[in-house]
Amino acid sequence: MHIHILGICGTFMGGIAVLAKAAGHRVTGCDANVYPPMSTQLEAQGIDLTEGFSPEQTALNPDIYVIGNVVSRGNPLMEEILNRGLPYVSGPQWLAENVLRDKWVLAVAGTHGKTTTSSMLAWILEYAGLAPGFLIGGVPQNFDISARLPGAPRQEPQGRSPFFVIEADEYDTAFFDKRSKFVHYRPRTAVLNNLEFDHADIFADLAAIETQFHHLVRTVPQQGLVVANGREESLQRVIARGCWTPVETFGDAQGWHAGAADAEGSFDVIQGEQVLGRVQWSLLGEHNRMNALAALAAARHVGVPVEVGIAALAEFQNVKRRMEVRGEVKGITVYDDFAHHPTAITTTLEGLRAKVGASRILAVLEPRSNTMKLGVMKAALPASLKSADRVYCYGANLGWDAAEALHDMGEIAQVETDMTKLVEAIAREARSGDHILVMSNGGFGGIHQKLLERLAA
């Protein structure tokens, strides 16, 4: 088939493009904003991209249009598709019908950590020889691609692996399907990493998101497994509404939990009172230990022994844009991180602080997500940034005053609405030994490279 994907440069829709191409379909697509790593990944796959949503793209005459949730009514190409009665489907529905059907789906849901935990889980299965397929909202560095079809596992040379790992997002499916994406996936193994209020543009409150998570729980079969964060009252409420599946918890003393980490980040894996092994790695922060516990529990459900999972984690290379070092100039290190919710900002900064000790951290934040643009989380920002020595915020295109929100931080916080002035202010302040942590869930105008070039100059 020829598939034309609207909104192809989002991580999810870009992953669908990669899967469809690998399955033998002709794939084209369009989007308004094209930036790495997805644009480069798609180009490497030989997928033709069109800038914008011009209605003339119907001349491509694809068999079906796959619609990303970035597309809304009024989009000129979508309006042309509707007016002409052309066939279209949402990304999650296309994925469910063409890729996930008949697969053992391992779905990783949660407000935070979905990408990292999905990447850990896919790598553990790969290390164990199970050759899983996956679709992840980032680029795991162990694979260097965000999506692939299942391969032929070493244990079963005949046919493809039955396993597919997917990052299970609670955001809505499409303008014509307001259910969360994850209700399409029908997992046999479901990880519920955590649950906080987010996506204020589509959810009225936390209870509304809990309802969607309960819809996910209702789709897991009796012979499946729910792996749930035992510390989260919100997830306890979700499960209390009805669960027909065995539940294993992590993060609490009764379930899977982590021993104290040493200076390098290594820790014991404990279930109840039994020590199952020791993860030796260099990832930072308690949030990553929690992610690892969830991945180990989910992998054991498909038959991967815990000791094999622990060995795999020793070789886990994390995900692009998760505390990724983008460069070092004159003793100044520049990092890129996807953190954009106050909780994620807090844990990311605390993890970096544990690594660098008393060295200065210059935090650079772009409040870019829909929730952040609405200002719903602005009151929580100062506390989330307290581990930083200096804070720089890009305040353009917001519905609220970032300078006012960060006013109580005093002189350590600076807000700029001009990118050039922002880069200049950071470069003037930075000195050898500093760590510049850039946090955004978008391209942030290529600020990382601009900073490195300005520091070098």
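This text describes a pair of packed helices and a six-stranded sheet with two helices upon it, as they appear in a predicted model.

The description begins with the helix pair. Two packed helices are described by the angle between their axes and the distance between the axes. For helix H8 (residues 286–301) and helix H9 (residues 306–313), the axes come within 9 Å and cross at roughly 135°. The two helices are therefore oblique to each other, and H8 passes H9 in a right-handed crossing. On the H8 side, the contact is made by Ala-292, Leu-296 and Arg-300, while H9 contributes Val-306, Gly-309, Ile-310 and Leu-313. By class, five of these residues are nonpolar, one is polar and one is charged.

The sheet comes next. Strands of a sheet pair through backbone hydrogen bonds, either parallel or antiparallel. Here six strands form an open sheet of mixed pairing, in the order S18-S19-S23-S20-S21-S22. Strand S18 (324–329) and strand S22 (413–416) stand at the edges with a single partner strand each, so one side of each lacks a neighbour in the sheet. From one strand to the next, the twist averages 20°. Within the sheet, strand S20 (residues 361–365) and strand S21 (residues 390–394) run parallel and are joined by four bridges; Ala-363 stands opposite Val-391 in S21.

Two helices pack on this sheet. Helix H10 (residues 342–356) touches strand S19 (332–337), S20 and strand S23 (435–439), and its direction makes about 165° with that of S23. Helix H14 (residues 419–429) touches S20, S21, S22 and S23, and the direction of H14 makes about 170° with that of S21.

Methods:
Residues numbered from 1 in each chain as written. Predicted model: local features only at pLDDT ≥ 70, side-chain atom pairs only at ≥ 80, totals over all residues. Heavy atoms only, no water. Axes fitted to C-alpha atoms, helices over the stretch in contact; angles between N-to-C directions. Parallel < 35°, antiparallel > 145°, perpendicular 65-115°, else oblique. Left-handed = near helix turned anticlockwise from the far one by under 90°. Contact = heavy atoms within 4.5 Å. Nonpolar A, V, L, I, M, F, W, Y, C, P; charged D, E, K, R; others polar. Pairing = 2+ DSSP bridges.
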